[in-house]
Amino acid sequence: MPTYRIAPSILSADFARLGEEVRNVVAAGADFIHFDVMDNHYVPNLTIGPLVCEAIRPHVQVPIDVHLMVKPVDRIIPDFAKAGANLITFHPEASEHIDRSLQLIRDNGCKAGLVFNPGTPLHYLDHVMDKLDMVLIMSVNPGFGGQSFIPEALKKIAEVRRRIDESGRDILLEVDGGIKIENIAAAARAGADTFVAGSAIFGKPDYKAVIDAMRAELAQ
Ligand code: DX5
Ligand code: ZN
């Protein structure tokens, strides 16, 4: 069985109590903290930046997985690396030079990944597999938490799983959007190993109960 990772998205956390929220969700068994960065330009919403990443860093003993939904991409990468990000992913169509952006992330000491919206073709993977530590497949259109999982994403996950296995490289395959206890196993069967969940976790009072139930689904 692959190593499965649960990455709660703090987009659905209570921002007025963010330190406590991240401590609680890590104590509840989170493997990563998923950190959604939206710029009101690439996506129609505005969220949090490097200052907030730096503020939560001392409260989090697991990797911080920064999902950049911003355009342009490069300018903000060193700031997130300094703020304590461990992994930085971006949308290829938001970068003028994908290879350069991936290298920039690595030069700043972080792991690097590409994110694919439901309508973004996978050909962006073609020449950069050797620079990837993660591929993130969006199962909703980016911008908001609490949307419904788009089933078509399962085919895309399966296709990326095939490409990763073929490459022989150690690349995480993350899925983001509408993941819940009820559908996490289907995403795993398609080939995902890392699961972002925002509203499914932070929308319930007992984070550990949700994460445990997700792990139980993955263990079957
Ligand atoms: C959407 C974000 C997601 C979002 C997931 O643009 O990238 O990470 O927070 O939230 P849920 O799990 O509620 O769909
Ligand atoms: Zn995200």
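This tour moves from the whole protein to a few selected elements and residues of a predicted model.

**The whole protein**

Begin with the entire protein in view and, if the viewer allows, colour it by pLDDT. The mean pLDDT is 98, and 100% of the residues reach 70 or more. For the complex, the predictor gives an ipTM of 0.98 and a pTM of 0.98.

Next, switch to a cartoon display. The protein contains eight helices and eight strands. Its radius of gyration is 16 Å, close to the 17 Å that the globule rule gives for 220 residues, so the protein is as compact as a globular protein of that length. The C-alpha trace spans about 45 × 40 × 30 Å along its principal axes. Of the 220 residues, 45% count as buried. Among contacts with a separation of 6 or more, 65% are accounted for by residues 24 or more positions apart.

**The loop before helix H1**

Select Ser12, which is found in the loop between E1 and H1. Is this residue buried or partly exposed? Ser12 counts as partly exposed, because it has 19 C-beta neighbours inside 10 Å, while a buried residue needs 20 or more. Now display its surroundings: leaving aside residues up to four places away in sequence, Ser12 touches Gly145, Gly198, Ser199, Phe202 and Gly203. Add Gly146 to the selection; its C-alpha atom is separated from that of Ser12 by 8.2 Å, although the two residues are 134 residues apart along the chain.

**Helix H1**

Proceed to helix H1, residues 18-27, and show the side chains of Glu21, Val22 and Val25, which are buried. Viewed down the axis of H1, the buried residues fall within an arc of 95 degrees, so they line one face of the helix. Which elements do they pack against? The buried residues of H1 pack against strands E1 (5-8) and E2 (33-38), and against helices H2 (50-56), H7 (199-202) and H8 (207-219). Then rotate to the face turned away from the buried side, where the exposed residues Gly19, Glu20 and Ala27 are carried. Just after H1, select Gly29, which takes a positive phi of about 115 degrees.

**Strand E2 and its partner**

Continue to strand E2. Six of its six residues are buried, so E2 is largely enclosed by the rest of the structure. In a regular strand, side chains alternate between the two faces of the sheet. Here, Ile33, Phe35 and Val37 point one way, whereas His34, Asp36 and Met38 point the other way.

Add strand E3, residues 64-69, to the selection: six bridges join E2 to E3, and the two strands run parallel. To follow one bridge, select Met38 together with its partner in E3, Met69. Then include helix H2 and trace the path from E2 through H2 to E3, which make a right-handed β-α-β unit.

**Two loop residues**

Return to the loop between E2 and H2 and select Asn40. This residue has a positive phi of about 60 degrees although it is not a glycine. Asn40 is exposed, with 12 other C-beta atoms within 10 Å.

Finally, select Pro72, in the loop between E3 and helix H3 (77-82). Show the backbone from Lys71 to Pro72: the peptide bond is cis, with omega near 0 degrees.

Technical notes. Residues are numbered from 1 along each chain as its sequence is written. Chains are lettered from A and ligands numbered from 1 in the order in which they are written. This is a predicted model: local features need pLDDT of at least 70, side-chain atom pairs count only at pLDDT 80 or more; totals for chains, interfaces and linings use all residues. Helices (H or I, at least four residues) and strands (E, at least two) are DSSP runs, numbered from the N terminus. The arc is that of the directions from the helix axis to the C-beta atoms. Two residues are in contact if their C-beta atoms, placed from the backbone, lie within 7 Å. Two strands pair if DSSP finds at least two bridges between them. A crossover is right-handed if, with the strands pointing away from the viewer, the path from the first strand over the helix to the second runs clockwise. pLDDT is the predictor's confidence in each residue, from 0 to 100. The radius of gyration is taken over C-alpha atoms; the globule rule is 2.2 Å times the number of residues to the power 0.38.
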